[in-house]
Amino acid sequence: MEYLYRLLQKYVIALFFIAALAAGLFTSCEKAVAAKENPEQMRIYGEFEAELTAPPFVPRAIGKRAPTKLIVNMEVVEKEMEMSDGVSYVYWTFDGTVPGSFIRTRVGDEIEFHLKNHPDSKLPHNIDLHAVTGPGGGAESSFVAPGREAVFTFKTMNPGLYVYHCATAPVGMHIANGMYGLILVEPEGGLPPVDKEYYIMQGDFYTEGKNGERGLQAFDMQKAIDEKADYVVFNGSVGALTGSNAITAEVGETVRLFVGNGGPNLVSSFHVIGEIFDKVFVEGGSMVNENVQTTLIPAGGAAIVEFKVDVPGDLVLVDHSIFRAFNKGALGILKVEGKENKKVFGGKIEEKAYNPGNAVLSSVEVADEAASGPSPSTPVSSSLAEKMERGKSVYTQNCFACHQATGQGIPNAFPPLAKSDYLNADVHRAIGVVKYGLSGEITVNGTKYNSMMPKVAISDEEIADVMTYIYNNWGNNKTEVTPEMVKKVK
Ligand SMILES: [Cu+2]
């Protein structure tokens with residue numbers, strides 16, 4: 001009897017145990033499901049210091065890592081840096097760069113944010129992260145005087161690409177001076193892997209002197225209020241993404257750009273000349289649009305764009321409000337190297353004169369070197385007047401668009417041919433420029449040009465004619481250029 005009783009007791013205990021186990025299992029299962037939906041419920045595992053990077057680079061991808069406690073250490077630094085050639089500006093920065101360091105997190109992370117303000121700063125600052133769910137995006141909690149450190153915490157609740165910025169009064173001025181950056185909150189499981197990732201942020205600047213005026217330039221509050229930007233740039237300055245600062249990729253790679261807009265005023269019509277975005281995470285959120293030419297990035301907003309690069313060449317990143325790109329600085333280069341793919345892009349296969357009047361047409365195959373021989377329509381020698389006549393028409397068809405009708409050129413873009421010291425100093429060098437094209441820095445009449453003149457596809461006779469025309473016009477030294485001289489220039 002007692003034995004039976006004991007057995008029953010054991011049985012009941014075991015039953016209880018199993019029930020408890022099942023219940024526990026059930027609730028933890030439920031919790032995991034709930035956590036997927038609700039980052040607030042996500043457990044965090046361990047802690048470490050966030051890797052932060054200066055633009056145009058981004059930290060390592062999150063991949064499959066679990067939510068963690070992430071320590072972010074950021075320092076506000078006020079410092080003078082170059083805005084453009086010969087132009088400097090006192091920027092206010094997060095971590096000494098514009099935009100500030102890139103922060104990479106995942107949904108469910110608990111962020112412990114340490115905002116330090118360098119002792120040499122003149123002003124207090126703070127940070128409003130658009131990724132924060134809470135008052136001011138953390139602005140009040142992070143307000144910090146020079147030589148102090150403020151610490152606050154928050155949980156990343158929504159995946160996406162978010163802007164952060166200073167929100168200390170006058171807010172517009174702090175942003176206008178460069179106080180913004182991006183924080184990425186990756187979704188569960190991370191973003192799909194790609195070959196190259198870069199960090200780009202547009203901003204507009206307001207200086208007392210106008211665009212290009214040299215020296216240290218002060219912030220101009222009235223221009224900022226009137227929204228009359230002197231500079232509109234990517235990554236804080238003119239040329240931050242061109243020349244040796246260009247970003248790079250190889251043919252066949254997939255490129256992901258994290259693009260933000262700090263403003264303070266202007267929205268960006270972000271476009272890459274020579275590419276189509278395969279994917280755009282619209283406004284940095286979860287909606288993906290495909291096959292997009294230009295995406296609008298609001299001030300205080302962001303977008304993720306992705307595309308595969310199929311052919312080599314320089315892709316040009318611009319704000320397609322195009323005067324901003326070519327006159328105010330909103331221009332960057334993505335240099336793509338690798339094998340040509342003529343199926344995707346055939347390139348120029350021919351160029352010929354187009355003359356709807358009764359003039360004789362001459363055809364020049366670009367790839368055909370034999371084209372430099374005398375063309376049957378032009379006599380080898382002729383009077384100066386005839387040369388001038390023909391030279392003028394060659395000029396109008398081939399040079400006019402850049403060097404302009406009276407050879408005056410265009411400031412900052414195309415050098416003058418009128419009274420050009422470069423031209424008049426050395427005829428053989430000048431012939432070489434027209435025959436082979438020119439790139440790199442040259443000085444014409446005291447002004448530097450660092451651009452590219454394409455090789456113009458015209459015959460040696462036509463080069464002789466157009467050079468004679470230029471030399472005998474617009475205050476130049478009246479050299480007569482012969483086809484023989486052109487032939488000799490190698
Ligand atoms: Cu500030």
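Are Asp319 and Arg324 buried or exposed? In this predicted model, both residues turn out to be buried. Their side chains also meet, forming a salt bridge with an N to O distance of 2.8 Å. Salt bridges that share partners also tie Arg104, Glu186, Glu197, Arg256 and Glu306 together into one network. As a bit of background, side chains of opposite charge can pair when their charged atoms come close.

A search through the whole structure turns up 19 salt bridges. One of them pairs Lys69 with Glu112, at 3.2 Å from N to O. This pair links distant parts of the chain, since Lys69 sits in strand β2 (residues 69-84) and Glu112 in strand β5, 43 residues apart. Another salt bridge brings together the side chains of Lys223 and Asp230, at 3.1 Å from N to O. Here, too, Lys223 and Asp230 are buried.

Now for the metal. The copper ion is held by four residues, with His125 and His174 each offering ND1, Cys166 offering SG and Met179 offering SD, at 2.0 to 2.5 Å. Along the sequence, these donor residues follow the spacing H-x40-C-x7-H-x4-M. The angles among the four donor atoms run from 89 to 135 degrees, and the site is tetrahedral. For comparison, the ideal angle for four tetrahedral donors is 109.5 degrees.

How accessible are these donors? Cys166 has 0% relative accessibility, so it counts as buried, the cut-off being under 20%. His174 is buried as well, with a relative accessible area of 1%, and His125 is buried at 0%.

His125 is worth a further look. This residue lies in the loop between β5 (110-117) and β6 (128-129). Leaving aside neighbours within four places in sequence, its contacts include Val76, Trp92, Asn117 and Phe143, along with the other copper donors Cys166, His174 and Met179. Glu78 is on the contact list too, and the side chains of His125 and Glu78 are joined by a polar contact of 2.9 Å.

The unreviewed UniProt entry carries a "binding site" annotation covering His125, His130, His165, Cys166, His174, Met179 and His320. Among these, His130 is found in the loop between β6 and α2 (139-142). With 32% relative accessibility, His130 counts as partly exposed. Not counting residues up to four places away in sequence, His130 touches Tyr162, Val163, His165 and Gly300; one of these, His165, is also covered by the UniProt annotation.

Methods:
Residues numbered from 1 in each chain as written. Predicted model: local features only at pLDDT ≥ 70, side-chain atom pairs only at ≥ 80, totals over all residues. Heavy atoms only, no water. Donors = N, O, S within 2.8 Å, 3.2 Å for Na, K, Ca; no water. Tetrahedral: all angles 85-135°; square planar, octahedral: opposite > 155°, others 65-115°. Buried < 20%, exposed > 50% of the residue type's maximum accessible area, 1.4 Å probe, protein only. UniProt positions renumbered as here; feature names shortened; annotations may be inferred. Helix = DSSP H or I, 4+ residues; strand = E, 2+ residues; numbered from the N terminus. Contact = heavy atoms within 4.5 Å. Polar contact = N/O pair within 3.5 Å; in protein donor to acceptor, adjacent residues only side chain to side chain. Salt bridge = Lys/Arg side-chain N within 4 Å of Asp/Glu carboxyl O.
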